[in-house]
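Q: Please take a close look at a single part of this structure. A reader new to it would welcome one connected account of the place chosen.

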2 protein chains.
Amino acid sequence: MEKKIRTVATLSTHSFSVSLDEVLLKNGMEGKRIKVDHPEAAAIIPFVSKDEILMVRQFRYALGKETLEIPAGKLDPGEKPDECVRRELIEETGYEAGHIRLILTYAPAIGYANELIHLFSGHHLRRAREGLDDREISSVETVSLRRLRDMIEKGLIEDGKTLLGLSFLGLIGEGVKT
Amino acid sequence: MEKKIRTVATLSTHSFSVSLDEVLLKNGMEGKRIKVDHPEAAAIIPFVSKDEILMVRQFRYALGKETLEIPAGKLDPGEKPDECVRRELIEETGYEAGHIRLILTYAPAIGYANELIHLFSGHHLRRAREGLDDREISSVETVSLRRLRDMIEKGLIEDGKTLLGLSFLGLIGEGVKT
């Protein structure tokens, strides 16, 4: 158990905040903890076919580079994970999914963030609109699982939610029979 | 591409910091980004046998509760991932691994952190010392993969690195033949 003594300082953007807290550690000493107070998020593996998924290329400021990853976003206030993931899929790719299914909910950065990500798979995609969220997305790409495995082997896919979702479905990793 | 205009404020602990930056977005607008500037980290799945691993129970301040997860920690300055993971395994469990292997390197929280986690597996464990790092670890537990799968199904294992490591090895998830 670690107990907050006080919050020393806080940083905020419009969608989440970070606090620096003084805490009482379990050994009785005082320490400092940084806590990212982040809304829940949802991500989706959108299957174009049995062997192909949609991915988005976008610039990630924290990493300082573009990444290729599955569509995802933060839940709006009052929004449910399934509503969020359907909205984000349309905003980021222009496609809607006829069927979605929750794979897993997990905490990506347990050492400093309270974020939970709800990971979905999506099937029966159909074009819902033209034009993308160009504040964030550079391009939408259809990627085969074979190419994805090759990219992962080369270290080109670093995004945790993408790797976890596909691994948990048994589509990438050392358990795959290829 | 998003370009930093200036850092507005920074929070720091002894091991990492967070900045709030004003940035130029790719559509030409200005925006704010929070960036967790975090050292690389390493985690290990320590196999006690083919069907059992060591896990540690510890309080996670950001989540406000205890979690059961694989041993892990931040790289010290100048330390290599394999050195870090051997050190953390001993500190957190009292065991050393005769053989370790890198499974995967990934970015857990791509939306706000530059952290990279190097995920290892460890075999041929032997007792290296008594006594644990009691600032962090509440207990060390030997957990069978069968029990772990059951706990995951009940939503009791939320830690991303634990879930990704075991999934990528094909030991949990929907690809497992049980």
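A: Contact means heavy atoms within 4.5 Å. In this predicted model, where local features need pLDDT of at least 70, side-chain atom pairs count only at pLDDT 80 or more, and totals for chains, interfaces and linings use all residues, side-chain values use heavy atoms, with hydrogens and water left out. Residues are numbered from 1 along each chain as its sequence is written, while chains are lettered from A and ligands numbered from 1 in the order in which they are written.

The part chosen is the meeting of two helices (DSSP runs of H or I, at least four residues, numbered from the N terminus). From α3(A), L163(A), L164(A), S167(A) and F168(A) meet L163(B), L164(B), S167(B) and F168(B) of α3(B). By class, this contact has six nonpolar residues (Ala, Val, Leu, Ile, Met, Phe, Trp, Tyr, Cys or Pro), two polar ones (neither nonpolar nor charged, Gly among them) and no charged ones (Asp, Glu, Lys or Arg).

Helix α3 spans residues 160-168 in chain A and residues 160-168 in chain B. Their axes (lines fitted to C-alpha atoms over the stretch in contact, with angles from 0 to 180 degrees between N-to-C directions) come within 8 Å and cross at roughly 45°. The two helices are therefore oblique to each other, a class left over once angles under 35 degrees (roughly parallel), over 145 (roughly antiparallel) and 65 to 115 (roughly perpendicular) are set aside. The crossing of α3(A) past α3(B) is left-handed, that is, the near helix is turned anticlockwise from the far one by less than a right angle.
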